[in-house]
Structures are given as structure tokens and as C-alpha cells.
Amino acid sequence: MKIISTSNKTNSMATKKFIQDFYKSEALINSKLLETYLHPDFIMEWNGHNGILKMNKKEWLDYTLELERTYIRFKAKIIHLLVDKDLVSINYSLYVRIVENPREELYLTDFMTIWEMKDDKFYRCYQMSRVMK
């Protein structure tokens, strides 16, 4: 993993740790945990294979409830992580374990995400994903 910080080292290190803790956690499939990372005014714009999906905090938490029923584990392999003040850019691959076959880890997709931080939480998310065939 490559990490590049271009701003105040103390703030960048705290942000970097916040991001790494988030991607090491099960927050992507645990709505209660995810909520602790999100700013009350959170908005996501996700450009994926079905077009652009826009979600506010409640909508993403509801979406995560659906994921909880299908997946038992998410693992992000971070490729690049760049921190500049309150902006974070991360490129990662996502691997999952599904309820039907919990022993096998499956590659799901690649993500490129830009996070905007506010009050030490995720405030905005601009994300692109692509599914490998």
C-alpha cells in the first residue's frame, strides 16, 4: 500500500488511521458500526455498473442492512491511500465471504473513492466501482 500525505502531518496521520480503521472493520456490512463513521449530513455519489447512485446517510445505512444478510465478511486490500487535509483518495479491491459459502473468499470489485471529512467523520463520498469478469 502506498500512502502519500501532502498536508499537516498530525491531521493527516489521524485521518489516515481513521481510514485504515474503517477499512479494517466490518463497517461496510454492519450498519450500527458504519453509523459511527458517518457525519449526520453524509451524502454519497456512487458511479457503478448500474449508473450513478446517490445516497444520504439513512439510505446508505439501509443499504448496509441488506448487505448484512448476504455477506459475512468484507476485506479491503488497499492499493493507494492519499491524504490532503480533509480529502482522502483511496483505491482498493474488495473481497467478500458470503453466507452460502463462508469458507471461500471471493473477489467482488475494485473501488476508487474520494472521501471528504468533516468533524472527523465521513461527510461526502464520491466513488466509482467496476466489477471484474
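Is K85 buried or exposed? In this predicted model, K85 is exposed, with a relative accessible area of 55%. The residue sits in the loop between strand 4 and strand 5, the latter covering 87–98. Its backbone is worth a look too: phi of K85 is near 55°, a positive value in a residue that isn't glycine. For context, most residues other than glycine have a negative phi.

K85 has a counterpart in D119. The place of D119 is in the loop between strand 6 and strand 7, and here again phi is positive, at about 55°, in a residue that is not a glycine. With a relative accessible area of 59%, D119 counts as exposed, because the cut-off for that label is over 50%.

Stepping back to the whole fold, the protein chain is built from 3 helices and 7 strands. Read from the N terminus, the order of elements is β-α-α-β-β-α-β-β-β-β. The C-alpha trace spans about 45 × 30 × 25 Å along its principal axes. As for overall packing, a compact globule of 133 residues would have a radius of gyration near 14 Å, and the 15 Å found for the protein chain agrees with that. Of those 133 residues, 41% count as buried. Contacts across the sequence are well represented: among contacts with a separation of 6 or more, 51% come from residues 24 or more positions apart.

What does the outside look like? The protein chain exposes about 8,100 Å², and carbon and sulfur atoms supply 54% of that area. On the charge side, there are 21 positive and 18 negative side chains, and the centres of the two sets lie 5 Å apart.

Some of these charges pair up, and a search of the whole structure turns up 7 salt bridges. One of them is a local affair within helix 3, which covers residues 57–70: E66 and R69 both lie there, 3 residues apart, or about one turn of the helix. Their side chains meet at 2.7 Å, N to O. E66 counts as partly exposed, at 47% relative accessibility, while R69 is exposed, with a relative accessible area of 56%.

Another salt bridge reaches between strands. E105 pairs with R73, the closest N and O atoms being 3.9 Å apart. Since E105 belongs to strand 6 (residues 101–118) and R73 to strand 4 (residues 71–84), the pair ties together parts that are 32 residues apart in sequence. Both partners fall in the partly exposed class, E105 at 30% relative accessibility and R73 at 34%. The pair doesn't stand alone, either: E26, R73, K75 and E105 are linked in a network of salt bridges.

Strand 6 also takes part in a salt bridge through D110. The side chains of R130 and D110 meet at 3.4 Å, N to O. This pair links distant parts of the chain, with R130 in strand 7 (residues 121–130) and D110 in strand 6, 20 residues apart. How accessible is D110? D110 has a relative accessible area of 15% and is therefore buried, the limit for that class being under 20%.

Two further pairs show how positions far apart in sequence are placed in space. L82 lies in strand 4, the strand that also holds R73. L82 counts as partly exposed, at 33% relative accessibility. Its C-alpha atom is separated by 10 Å from that of T15, although the two residues are 67 residues apart along the chain. In strand 2 (residues 38–48) there is P40, which is exposed at 60% relative accessibility. P40 and C125 are 85 residues apart in sequence, and their C-alpha atoms are 13 Å apart in space.

Key. Residues numbered from 1 in each chain as written. Predicted model: local features only at pLDDT ≥ 70, side-chain atom pairs only at ≥ 80, totals over all residues. Heavy atoms only, no water. Helix = DSSP H or I, 4+ residues; strand = E, 2+ residues; numbered from the N terminus. Rg over C-alpha atoms; globule rule 2.2 N^0.38 Å. Buried < 20%, exposed > 50% of the residue type's maximum accessible area, 1.4 Å probe, protein only. Contact = heavy atoms within 4.5 Å. Areas by Shrake-Rupley, 256 points an atom, 1.4 Å probe, with all protein chains shown as cover. Lys, Arg positive; Asp, Glu negative; His and termini not counted. Charge placed at Lys NZ, Arg CZ, Asp CG, Glu CD. Salt bridge = Lys/Arg side-chain N within 4 Å of Asp/Glu carboxyl O.
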